[in-house]
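Hi,

Here is the structure I promised to pass on to you. Have a look at it first, and then read my notes on its aromatic rings.

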Amino acid sequence: MGKLRFSSAREVFEAFPTLGEDLMLEPNADSPFHYLQILRGSDTPEDGVTFSAYVLDRRETVWWACQCLRLLIPGVETRDPALRAAEDWVYAPDEDKRLAALRLGTEEDRQRPTTWLSLAAGWSGGNIAPPGVPGVVPSPPHYTARAVRIAVLSALALVPARDRAEKLGRCLDGALHMMREPRETA
C-alpha cells in the first residue's frame, strides 16, 4: 500500500491529538517503527494496537485490523458480512463500498468486533450523515483509528488468556511489517 507518512512518533501525536487521549505514553522523536517496537516490548503491549491504528493510513489500518481479527477470531471470515464489507472497501476503496460498509456498521451489533471494522471503513472519509439527513457531515480524521482500536482490542479480549500475548505479538508484528522501516542507503 502506501509509504509511512510520519517520520517520528511525536508527529503522529501532533497530527492526531486524540492519540494522546487513547495512549497515555509520551511521544518521542523515535521513528514510528521504533516507537511501536518499544510499545510491543512494554508492560502494556496493547498500546501498540492503539499506536498502529493511528500511524498507518486509513486503508492500511483497516486492512491490518481485518488481518488481526482473522487471527484473533477463528473462522470469522466464513460468516461475517461486516468483515467482508471492510475488506471489500480495502480492495476497492470507492464511495459505494465505503457507504455499504458504513450502512452495515450502523445496522450491526456494536458488541461485535467486526462491526467496528465496518465502521472504520465507513468512517474513512466522505459524508457520514445517516441517509435522509440533509447536509454533509465530514468524517473526523480520528474516527477510523478509534474504530480499528476498538475492533482489535475487543477481539483480543475474546482470546483465551494463555494465547493472548502470542496473538497480540503477531498482530503487532503485522503492523511493523506494514510500516517497513526504511533501510539506510549508502
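Below is what turned up when the aromatic side chains were examined.

Please keep in mind that this is a predicted model. Searching the whole structure gives seven aromatic pairs. A good place to start is the pair made by Tyr 35 and Phe 51, which is tilted, with 4.8 Å centre to centre and 55° between the planes. This pair joins distant parts of the chain: Tyr 35 belongs to helix H3 (residues 32–40) and Phe 51 to helix H4 (residues 47–55), and the two are 16 residues apart. Are these two rings buried or exposed? Tyr 35 is buried, with a relative accessible area of 3%, and Phe 51 is buried too, at 0%.

Next comes the pair of Trp 116 and Trp 123, which is edge-to-face. Their rings are 6.3 Å centre to centre, and there are 65° between the planes. That angle counts as edge-to-face because the cut-off for this class is over 60 degrees. Trp 116 has a relative accessibility of 13%, so the residue counts as buried; Trp 123 is likewise buried, at 13%.

Trp 116 has another partner to look for. The charged end of Arg 110 sits over the ring of Trp 116, at 5.5 Å from the ring centre.

Finally, which residues do ring pairs link into a cluster? They are Phe 6, Phe 16 and Tyr 54.

Enjoy exploring, and do write back with any questions.

Best wishes

Definitions and conventions
Residues are numbered from 1 along each chain as its sequence is written. This is a predicted model: local features need pLDDT of at least 70, side-chain atom pairs count only at pLDDT 80 or more; totals for chains, interfaces and linings use all residues. Side-chain values use heavy atoms; hydrogens and water are left out. Rings of Phe, Tyr and Trp (its six-membered ring) pair if their centres lie within 6.5 Å; planes under 30 degrees apart count as stacked, over 60 as edge-to-face and the rest as tilted. Helices (H or I, at least four residues) and strands (E, at least two) are DSSP runs, numbered from the N terminus. Buried means under 20% relative accessible area, exposed over 50%, partly exposed in between (1.4 Å probe, protein chains only). A charge sits over a ring if NZ of Lys or CZ of Arg is within 6 Å of the ring centre and within 35 degrees of the ring normal.
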